[in-house]
Structure formats: structure tokens, C-alpha cells
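Please open the model in your viewer and keep the residue selection panel at hand. The tour proceeds by selection, one stop after another.

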Amino acid sequence: MKQKQMKGVCLLIAGILFLLLFFSFSGIEKTKLLDTDGRNFEKAEVTNVISGNLSNSGSGKQTVELKLLSGDHKGKIIQATSSQSYLFGAKCKKGMKVIAIINESKGELLASVYSVNRGPMVWLMAAVFVAIVVAVGGRKGISSILSLVFTMLCIFFIFLPMIYKGISPILAAVLVVAFTTVVTMCMVDGIKKSVAAMLGTIIGVVFSGAFALIFGQVTSITGYNVSDIENLVYVGEMTDIKIGELLFAGILIASLGAVMDVGMSIASTLNELKEQNPQMMLKELFQSGMNVGRDMMGTMTNTLILAFTGGSINTLVFIFAYNYEYQQVINMYSVGIEIMQGLSSSLGVIMAVPVTSWIAAFLYSKNQK
């Protein structure tokens, strides 16, 4: 069977499996956690700023007139309040497009400004990103975008419904990681290069998850030591979600991208070497893969650590500004979790190097003794 035919068959099987999983976990009846009857978020335009007491920083409260641009009351002009802060509200000006919270009770409308309507600009920036990827990557750029979309679909329509129904988040994460890895590799580079990369990626991510579990066990860090745990515990009490496993499932998903990058790079490099020099033996291919992987380990590990550091920059600023002591810092749950995430993801990258190198060398080499 030719490579294109094999690729088509694999993608067809993946599509059928996705649909089966989608319909198996669709139609979930969600537990009502908050009473939102009569409340809607609607598009609106500021037609007039009636009054306001904004400070120089922009915080404060305004009274404005809004023309509703969506919903059952589209076209109606109503009065609303806008409480501007760093996280909520908007500094309203005439003609500004906003999102309004509309509460309807006994025929009366109460409205407040939720935020600036930034949705169109978000989609515009996403479109610019897609255009650049396609312009630079050509057909492979299109495949990359499609694989990214597929990954997001798997997370929102398979992973989240699975854990909502009470399936272990770690098990669900492993399934989604394996599934998205296979599909992404097939779409980007076909079957021949992808087998080694698939296996190397999946095994690397499993190593990452195992290390995280061990790390959490020996340091007494659990999934209940995360921020917003009070809200999560409430969600866990009202639903079947296993809150304690979410942290470790997140580590599996977070490490996928970097491990996949390393796996595909090594597999693609060895495939190219084999095509240029068909006489290369298994040992030579494996050594070449290790050399390439060692060069990538430093940069990819650094990338992961910096990514997690960037995600906790606010915590680092507090530690530095308030001059926390060493014993206080090293025993903070937030610091321990960030270290666990960084080390676990980095270990996944490191373990993917020898695994992918050996599998690729074995598959590409004529001498498989």
C-alpha cells in the first residue's frame, strides 16, 4: 500500500474513532452550579455616557446608554452601569462596542457592561496567525493548522466530557495524547516517518506523567494543592469530576507539544540520513539520532522551564519583592507545583530522545539484528 493510501486509511480510522467518542460523550446533562435564569450576554454599542467618576487610572463607575445589537431585545436602547477595574468592566466612550450583561426580571431589563467586545479582534489575530503559518509552511502549514484544530476538538469534545462523566482525568489525558499524536503525525508527515515519532512521543509523555506522580508522592503535593481549590472542590462535590487528578492530567497535556516536536525532529532526521546513505546501519542511525536529540534536549528543556516560569511570573515577583526566605520559598505549594511541571515535562523530552532514536533506527535500518 502506498504512503498516501496508508495516510488516508489512518486518517479515516481516526475520523471514525473521533465521531464514535464524540457521540458517546455528547449530550451530557450538566449539573446546574449557578442560577443564570434570565441572564444573557449580548453585544451592545455605547450611545451616550451619562455620568462617571473615573480616576486617573481609569477605575471607577459610569452610567451609560447602550443600544443592544443582539438578543431578543436587539435595537433597544437601555441604561447600564459600567464598573471599571483592572479585570472587569470597560472605560466606556461613545461608539464603543461592548458586551453587556442583561438581566430580565418581570419585564424589566437591568444591564451592566461586562467588557469591551474583543471577540472580533481575537478572531482577526487568529486569522493573521493562520495566514502566516500557511504562507510560510505551504501544504504542511495547512496540515499543522488542521492538526491544531483537531487537538482542540479532542480536548473540548472528548477530554472534558470524559472527565465530567467521572472517567479518570489521567486516563483520559493519556487517551487524548495518544490519539492526537497519531493524527497529528499522520497529517504532518505521513506514515513512514511518523511511526517512530508517534511511539517516542507517547512513551515520552507517559514517562513525564509517571515522574509527576512520583514527584507528587514524595513531596506530598496533590491535585488539591492548586489555586482556586475551593471552587474546584465545590465543582467536584456537585459533579463526578475527579479533582485530585486534574493537576497530573494537565502535565501530560502540557508536555505533549514539546515531546512531539523532539520525536518528529529525530525521526525525520534519521529518515533523511537513511535516504541519503542507504548503507547506514542500526548502530550508526541510533548514534546520529542521539547526537541530534542531545542538541535538542538543552534548548527544549530550557524552553519548557522558561514557559512554566513565565506562567508563574507573578509569584516570582512577590517572592522577590517581599524577600521571602529560602525555607519559605522551597516549601510553597505553588513553587513545588511549578518545579514538578517543569521537571516532568523536561523528563518527557529527555526520554523521548533515546526511545525515538532506537525505534527510528530499527525501522529504517536494513540490518535489524
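The stops below cover a sheet, a buried position, a surface patch and two loop residues. Please bear in mind throughout that this is a predicted model.

**Stop 1: the barrel**

Select strands 1 to 5 together. The five strands close into a barrel in the order 1-2-3-5-4, with mixed pairing. On average, neighbouring strands of this sheet are turned by 45 degrees against each other, direction ignored.

Next, restrict the selection to strand 1, residues 39-52, and strand 2, residues 60-68; these run antiparallel and are joined by seven bridges. Within this pair, Val49 faces Val64 of strand 2.

Then keep strand 1 and add strand 4, residues 97-105. Here too the pairing is antiparallel, over seven bridges. Label Asn40, which stands opposite Ile102 in strand 4.

For the parallel part of the sheet, select strand 3 (residues 77-84) and strand 5 (residues 108-116), which are joined by two bridges. Ala80 has Ala111 in strand 5 as its bridge partner.

**Stop 2: a buried threonine**

Move to helix 9, residues 333-364, and select Thr356 within it. Is Thr356 buried or exposed? Thr356 counts as buried because its relative accessible area is 0%, and the cut-off for burial is under 20%. Display its surroundings as well: leaving aside residues up to four places away in sequence, Thr356 touches Ala196, Ala197, Gly200, Thr201, Gly263, Ile266 and Ala267.

**Stop 3: a nonpolar surface patch**

Select Phe129, Val130, Leu148, Val149, Met152, Leu153, Phe156, Phe157 and Leu160, and show the surface. Together these residues form a nonpolar patch with about 750 Å² of accessible area. One member, Leu160, belongs to helix 2, residues 119-164. Leu160 is classed as partly exposed because its relative accessibility is 35%, a value judged against limits of 20% and 50%.

**Stop 4: two residues with positive phi**

As background for this stop, most residues other than glycine have a negative phi.

Select Ser220, in the loop between helix 3 (169-219) and helix 4 (229-238). Its phi is positive, near 60 degrees, and the residue is not a glycine.

Finally, go to the loop between helix 7 (313-321) and helix 8 (326-330), where Asn323 lies. Asn323 is likewise not a glycine, and its phi is positive at about 55 degrees. With 64% relative accessibility, Asn323 counts as exposed, since that class begins over 50%.

How values were computed:
Residues numbered from 1 in each chain as written. Predicted model: local features only at pLDDT ≥ 70, side-chain atom pairs only at ≥ 80, totals over all residues. Heavy atoms only, no water. Patch = residues over 30% accessible without salt bridge, like charges linked within 9 Å, V, L, I, M, F, W, Y side chains within 5 Å. Areas by Shrake-Rupley, 256 points an atom, 1.4 Å probe, with all protein chains shown as cover. Salt bridge = Lys/Arg side-chain N within 4 Å of Asp/Glu carboxyl O. Helix = DSSP H or I, 4+ residues; strand = E, 2+ residues; numbered from the N terminus. Buried < 20%, exposed > 50% of the residue type's maximum accessible area, 1.4 Å probe, protein only. Contact = heavy atoms within 4.5 Å. Pairing = 2+ DSSP bridges. Axes fitted to C-alpha atoms, helices over the stretch in contact; angles between N-to-C directions.
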